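Open the model in your viewer and keep the selection panel at hand. The stops below go from chain pairs to a pocket and then to an annotated span.

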Number of protein chains: 4
Amino acid sequence: MKKRKFTILGGDKRNVELARLLMEDSNEVQTFALNDTEYYLPKCKTLEEALDYGKIIVGPLPISRDGKTLNTPLFSESIELERILRGLTEKNIFIAGKIGSHFLENAKKKGIVLEDYFAREEMQIFNAIPTAEGAIQIAMEQMDITLHNSNAMILGYGRIGKALSKMLQGIGANVYVEARKYEDLAWIKNQGYFPIHLKELDFYINRMDVVFNTVPSMILDEKRLEKLNANCIIIDLASSPGGVDFEKAKELGIKAILASGLPGKVARVTAAAIIRDTIYHIIQEREEEKWD
Amino acid sequence: MKKRKFTILGGDKRNVELARLLMEDSNEVQTFALNDTEYYLPKCKTLEEALDYGKIIVGPLPISRDGKTLNTPLFSESIELERILRGLTEKNIFIAGKIGSHFLENAKKKGIVLEDYFAREEMQIFNAIPTAEGAIQIAMEQMDITLHNSNAMILGYGRIGKALSKMLQGIGANVYVEARKYEDLAWIKNQGYFPIHLKELDFYINRMDVVFNTVPSMILDEKRLEKLNANCIIIDLASSPGGVDFEKAKELGIKAILASGLPGKVARVTAAAIIRDTIYHIIQEREEEKWD
Amino acid sequence: MKKRKFTILGGDKRNVELARLLMEDSNEVQTFALNDTEYYLPKCKTLEEALDYGKIIVGPLPISRDGKTLNTPLFSESIELERILRGLTEKNIFIAGKIGSHFLENAKKKGIVLEDYFAREEMQIFNAIPTAEGAIQIAMEQMDITLHNSNAMILGYGRIGKALSKMLQGIGANVYVEARKYEDLAWIKNQGYFPIHLKELDFYINRMDVVFNTVPSMILDEKRLEKLNANCIIIDLASSPGGVDFEKAKELGIKAILASGLPGKVARVTAAAIIRDTIYHIIQEREEEKWD
Amino acid sequence: MKKRKFTILGGDKRNVELARLLMEDSNEVQTFALNDTEYYLPKCKTLEEALDYGKIIVGPLPISRDGKTLNTPLFSESIELERILRGLTEKNIFIAGKIGSHFLENAKKKGIVLEDYFAREEMQIFNAIPTAEGAIQIAMEQMDITLHNSNAMILGYGRIGKALSKMLQGIGANVYVEARKYEDLAWIKNQGYFPIHLKELDFYINRMDVVFNTVPSMILDEKRLEKLNANCIIIDLASSPGGVDFEKAKELGIKAILASGLPGKVARVTAAAIIRDTIYHIIQEREEEKWD
């Protein structure tokens, strides 16, 4: 791939690793609002210098926590998103994660090319891997038995369900996957797991040693929690508000863990590499459209 | 599941096995236009009696080969589709495979409930398994080396690609999967295969020992065939007209095999069981809609 | 299996779980010198009563830490091994782990039937599973990248090597296994891993992300540690003194972890179940020899 | 590896492929008594010239079918083994398969270095792979159902059992493995298959769809055959006389297939590559012993 000039703007340790990985690929990289203490990456002195430097400007994930200022946990000052917009031109391509609609529209009005990498399907698919490994790590830490030969159920067969089921099978668990659609159930059987239709869930759930939820709606409610055996561990991977009645679980003495944002937590460098690959795809596609 | 009355109408040995499997599940079954010599299944004397017997009437796959008469390879007389329509009432549900639009419309006009099981996604997904096994069987028969430790490429990552890649990996092949979309490529990597973007295909194809095509367009054209090593085997699983320039392959001395309709050929009973399960799903869904 | 009378004598939480598991199988169980606070297991008042109760007496693993007294971390008083010997008769079978030769001989002189479950091959094989899972858990906790798609090397292809390689492959790592004998290397290739002859180790080791050692001799010495890439994690699973120059590793800034006794630590209940199964095998074999 | 001079003497198509593979590795190769019609390999005119040419002389597998003359299916004349012995000197190393004790002793008397590659453990382990694939190919050809989701039992957990169980699991079969020793049963469970103790065999065998025998003693006798379901396929991979009562099976209408010598039949080139690798190992070991 052609070498390019990047500016990495704000963000947490993932952006530090991202900058390093981009440099390893022989790109030219400057950072701003990212005081790393590990690699002493090249830094611009001002935001303006930073925006002027890179053709491709990469912001944090999420771009902002308050909707107004850049997400800069490794920087002492606060940077208004508006200031960034003012510094960008039509020659830039601005890439960040979870870009709000307000920023998006303002950018478009100015003719700025921008893209949310977190919205891309392949990023979500890649992220399913560190999420699945993180879930397995938590399960191993919490369970008194091995995953090997345990009964493990996954609720939902989306991206995380697919990655997690294959790994659990690879470790030697008996893998049950719950889904609603016959199509998904067919895939579950096709890939060698036990398909459980939502209707059958109540019948099978009591024999599980661990349940991983990926469904973002209240699936493990009071009624189902009461059916679980006392040593069963629940790991909720669904995006907020999750699918577990945590209060009821606590009452019943069932260990239930809400696990979110696993990629950045359990595999920082992999998380950064996924962002890097997705950024490369974005650039490649734009170039094919003769953006360059 | 509730037991029911079925009439199996015409078809090949798959319908013989289907009738047997339905009986094993304690359903009441009669057949017509299906002279099996294996199980001596219960037979009706006339078409009218047959249509009168079952609430659920199951035809062949495909329902017809000429668009006018029922597909009855195991019966000496010919049965007009129109005659079947005349015998059906609103109380029946008629199920068959690859039902033409003409028959479909005529049935609808008469208020007859009918469904094409072959059009259902879960049937296609289930069929990917015997298709993948059939492809592996052919590869084993044709290759001078083991699949284990061989370089095997799959073109396309649809239903067959997904089933086949997992099995080949399970046998110990080095599995390369070609796709176009970054999303598919992400899945390919996620599941542990080597992702090959269509653009990179020319670079990798020469080191393959076997190539399975599932893409229904001319992907293995003259240019690519010339790149293949002389002992490489091609197995084309794409629906007609396939994706291989067979004439050119022959000219180059490359063994290329067009393999279609594998489920019925390599695993007759599994093929029938897939039809049975799909029929059950159809019935179940209709009952949920209070069809019963 | 026939139900029996067991006395569980001393030991840690594994013996608590063992007692519970034996009771779940409808055996009659009493404990002594094992003050559990979880299940309130039935307890004998005196050692003599305890030895009198069970036909099968199960001690701890290891039986003793000082060679003289029973290993009783959950009991406040100390129990001389000699006192146990005095209480046993020819009708008992005494089973414990890592029984010293002194105790063994004394018991034999008295005609007492005793067996060391830890010395049995199947126990060691079963223990390889929680050991492998524990190693994977540690790797996941320590690494900044996912195991999936990482380069993982296992030194040695014994019991732990075999269990660990399969699991790592199942998670999606690129698995390299080092061995010395052509026979082992043939198996490694046969099972789908990259075989690395000890002679080739120096050539491959620099590209690894994690190295698991199972060889109980100094294999990761200064010379090899210097070849490792800086982010590589070492997990030493070999029995003491292990196979890693830990001081040198520290000097080089390489994270090296000595992990021993994993089964009891990471999967207490599985560890107890393995002891239970091994005890059942011992009893079964003795009965076949008409011991009963 | 150092390049060398080889003479390939007699044998079938495997030796043709072996000669070709040795040449691909840049060795100098001449053949004798091996009239291939595929590659037109370099040929010596006389046996004497052939024996004089190569430092390493490679014979066929088996070396002889009658104990007196060389096994030369691709040559019209017959060559006495004695004549070969006369032509060899202490400078040669003679390698062949299944060398009889008579020839072996005569060679030793003359001080000739010779080795039987078929007797080496790693060759047997490597051969387990094409044997397992061949067995799977036969099962696929014979069964009316897919291996995926079928119940497959392997009798014995030796080399073939280990290779075959992993592949069958990889295809998605439910894999049951019978063994006698607790140690083997522990491994079977460890690797994720259902362990079946010989004593439990009668209880489980009736639910199998295919049984692969690797035990060279009458394990599938009349009593067990009667328990099998009628559609179950038996594939006997044990060395002669095998472990199946074939007459009784025929009587019961059960399909039982004796499959021997699979590597050469189903994967000629892989079989030759295995011989090549084993020959390289032999040479390497001898060189380490300063034979050179």
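Which residue of chain B comes closest to the rotation axis? Select B:Lys166: its C-alpha lies at 5.1 Å from that axis. This is a predicted model, in which local features need pLDDT of at least 70, side-chain atom pairs count only at pLDDT 80 or more, and totals for chains, interfaces and linings use all residues. Residues are numbered from 1 along each chain as its sequence is written, chains are lettered from A and ligands numbered from 1 in the order in which they are written, and side-chain values use heavy atoms, with hydrogens and water left out.

**Chains A and B**

Show these two chains together. A turn of 180 degrees with a shift of 0.0 Å along the axis lays chain B on chain A, with an RMSD of 0.1 Å (least squares on the C-alpha atoms of residues with pLDDT of at least 70 in both copies). Both copies use the same surface, since 100% of the contact residues of chain B recur in chain A (contact means heavy atoms within 4.5 Å).

Now select the contact itself: 26 residues from chain B and 26 residues from chain A. About 2300 Å² is buried between the two chains, 60% of it on carbon and sulfur atoms (buried area is the accessible area, with a 1.4 Å probe, that two parts lose on being put together, summed over both). On the chain B side, colour B:Lys166, B:Tyr182 and B:Trp187, which lose the most area to chain A and together make up 30% of what that side buries.

**Chains A and C**

Switch to chain C. Chain A superposes on chain C by a rotation of 180 degrees with 0.0 Å of shift along the axis, at an RMSD of 0.0 Å. That is the relation of a two-fold axis. To find this axis from chain A, go to A:Gly170, whose C-alpha is the nearest in that chain, 1.7 Å away.

**The second largest pocket**

Next, select B:Asn149, C:Lys189, D:Ala273, D:Arg276 and D:Asp277, which lie nearest the centre of the second largest pocket among its 49 lining residues. Helix α12 (268–288) of chain D is one of the elements that give two or more residues to this lining, and α12(D) supplies the largest share, nine residues.

**An annotated span**

Last, select residues 142–238 of chain A, where UniProt (unreviewed entry) places the feature "domain: D-isomer specific 2-hydroxyacid dehydrogenase NAD-binding". Such annotations may be inferred rather than shown by experiment, and positions follow the numbering used here, with feature names shortened. For the stops above, a pocket is an open set of 1 Å grid points over the protein atoms alone where a 1.4 Å probe fits, with protein on both sides within 12 Å along at least five of seven lines, and lining residues have an atom within 4 Å of a point; helices are DSSP runs (H or I, at least four residues) numbered from the N terminus.
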